[in-house]
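Trainee: I'd like to learn how to read a protein model piece by piece. Can we go through one together?

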Amino acid sequence: MILQALKEYYDRKAADPDSGIAPPGWEKKELPFIIVIDDNGNLINFEDTREMVGKKKVAKTFLVPKAVKRSSGVAANFLWDNVEYALGIRCKAKEERVTEQHQAFLKKLDAHRDTPAIAAILKFLHNPNKESQLKNFPSWEDAQRDCSILSFRINGHSEPVFRETDIIKLISENIPDDGDEKIRCLVTGNIASLANLHAAIKGVRDTNTSGGNIVSFNIDAANSFGKKQGANAPVGKEAEFAYTTALNTLLAKNSDQKMNMGGCTVVFWAAKENDFETEFGSFFSEPDKDDPDRRTGHIKALYTSVADGSFITDDDPTVFYILGLAPNAARISIRFWQVTTVAQAAARIRQYFDDIDIYHREGYPDYPSIWRLLVSTASMGKTENILPNQEGDMMRAILEGLPFPMSLLQQVMLRVKCDRDISTSRIQLIKGFLNRQWRVSNPNNERSITVSLDNENTNIGYRLGRLFAALEKIQQEANPGINATIKDRFYASASSTPAVAFAPLIRLSKHHLAKLEREGRKIYFEKLIGDILDEVPSFPTHLSLIDQGQFAIGYYHQNRDFFTKNNN
């Protein structure tokens, strides 16, 4: 199903001449350097295609002849390759190995030496002084140090040699077919030539620099019934090229259809052209530094699309695919695979933002990214300390309309108690967890958590959280300028074992109330505590983890309510 959906995506893009997706026999590749020569093979220039993007140099991307599949052997690409293959100049490998590589490169060119551009390249490559001539160009040092990829261009022409009309025709008419074995393709169902080796998939974070494979059989233990390599999962050459090209296009550096979620790289696309496939990633990622309001605008469009006819509608039946990929040595593993519709995906994303919506201070984002929320669960607030798979599990729950994993609530409550910091991000995760949990199963008929203070919520944890916030507020008003409050000393015990913690806290509050100078404030706090305790028959000896989450939200809501009233 995954490979079929990717092939359909390739077929859709290939039918559009403006899509830029690589045709059969070609692929997109960054070429940092171009050697410019004249028709007689004389060196004219060593062109650096790299440009500064932020703090990094990024090379220009070209449509090049499809790369060969390399392992430990020698295999040269046609008209482009690294410095050792293309020029026979040593960078890192042993001299004997470099000679062998360069001979393989020359052999491919010799077969087409009647083509004028290739004849000029061969003249340059056979020039014994080419290395000393290249050293005259400042960027040559970078190319040799990094063993960079390069190609050739004839002076006066605007494109590298492989984009000249006669060579494009040559490449397209001579797509290699290195196997005559015919099989029933598992992707198309048609009889086709077997793709024994599948092209590498690049762009999945933390994979090998040479890429990885989804379909791969490179050890005897993986083979079955005496079959070898690709024959164990027979895919035709056409389908293999289509699905690998489609996936590499989705994973490209400048792709709008991928995002990173923890240790998982996620790509997404629609069954037919749809704006949603390019905007989907912005719903979960951090805002663009150059256009921070763009993401907020897209999310707001999810809520207003029915009224204003924006890019998504509630009844769009277009099939939508989400694929999560993770590195696994030389292979790429499927972390998750979601097939839904644009309408359903949009509805579940709206539901998610409704679930986590909470009253917050000015300046805090209305729609925080998943990373911003999860980093609040990590020790010392560091990204690398987010629990493994947490982002992927959370995103999968959002897209499938399921509760968040229990490990998420456990981690949030642990950080709240350790740091004694009831931040907006943590409260949003708790609120989202509880509301999504109760939507699936709510045996105690718990009331859904609201955006702001809910005076009708009678849950014991919520009430005690409100009470704790009130006692802290009394302490702060009785002792202006106090540095440490009861939250710093008693929050963990109050939220876990109320019967032990609240008795001394209430006695202490009576002393604090007596210190208040304004009689009206005493009456206000006494009435507030009475109203809260009306629904608290007794202090429980222990609160469950769910009720501890309610405690945190009750504390947060009551605190925000004090702040709002002060502002008013």
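Mentor: Sure, starting with a pocket: β11 supplies the largest share of the lining of the second largest pocket, 4 residues. This is a predicted model, so local features need pLDDT of at least 70 and side-chain atom pairs 80 or more, while totals for chains, interfaces and linings use all residues. Residues are numbered from 1 along each chain as its sequence is written, and side-chain values use heavy atoms, without hydrogens and water.

Trainee: What volume does the second largest pocket have, and which residues are closest to its centre?

Mentor: A pocket is an open set of points on a 1 Å grid over the protein atoms alone, where a 1.4 Å probe fits, with protein on both sides within 12 Å along at least five of seven lines; a lining residue has an atom within 4 Å of a point. Volume is the space filled by probe spheres set on the points, joined across faces, edges and corners. Here it comes to about 980 Å³. There are 31 lining residues, and closest to the centre are Lys-258, Met-259, Asn-260, Ser-285 and Glu-286.

Trainee: Which elements each supply at least two residues of that lining?

Mentor: They are β11 (258-261), α9 (276-279), α10 (292-308) and α12 (370-375). Those labels are DSSP runs numbered from the N terminus: helices are H or I with at least four residues, strands E with at least two. The lining has 12 charged residues, 10 polar and 9 nonpolar. (Asp, Glu, Lys and Arg count as charged; Ala, Val, Leu, Ile, Met, Phe, Trp, Tyr, Cys and Pro as nonpolar; the others, Gly among them, as polar.)

Trainee: β11 is a strand, then. In what order do the strands of its sheet come?

Mentor: The order is β11-β12-β13-β14, an open sheet with antiparallel pairing. (Two strands pair if DSSP finds at least two bridges between them.) β11 and β14 (331-341) each have a single partner strand, so one side of each has no neighbour in the sheet. From one strand to the next, the twist averages 25 degrees. Inside the sheet, β12 (residues 264-270) and β13 (residues 319-328) share 6 bridges, and Ala-270 stands opposite Phe-320.

Trainee: Which strands do the helices α11 and α13 touch or lie across?

Mentor: Helix α11 (residues 342-356) lies across β13 and β14, at about 95 degrees to β14. Helix α13 (residues 390-400) touches β11, β12, β13 and β14, and its direction makes about 20 degrees with that of β14. (Contact means heavy atoms within 4.5 Å; angles run from 0 to 180 degrees between N-to-C directions, with axes fitted to C-alpha atoms, for helices over the stretch in contact.)

Trainee: What is the order of strands in the sheet with mixed pairing?

Mentor: That open sheet of 4 strands runs β3-β2-β8-β7. Its edges are β3 (43-48) and β7 (80-82), each paired on one side only. β7 joins β8 (residues 149-154) through 3 bridges, running antiparallel, and Trp-80 has Ser-151 as its bridge partner. Helix α4 (residues 116-125) lies across β2 (33-37), β3 and β8, at about 120 degrees to β8.

Trainee: And how do I read two helices packed together? At what angle do α14 and α15 cross?

Mentor: Two packed helices are described by the angle and the distance between their axes. For α14 (residues 406-419) and α15 (residues 424-440), the axes come within 10 Å and cross at roughly 145 degrees. On the α14 side, the contact includes Leu-408, Leu-409 and Val-412, and α15 brings Arg-426, Leu-429, Ile-430 and Phe-433. By class, that contact has 9 nonpolar residues, 3 charged and no polar.
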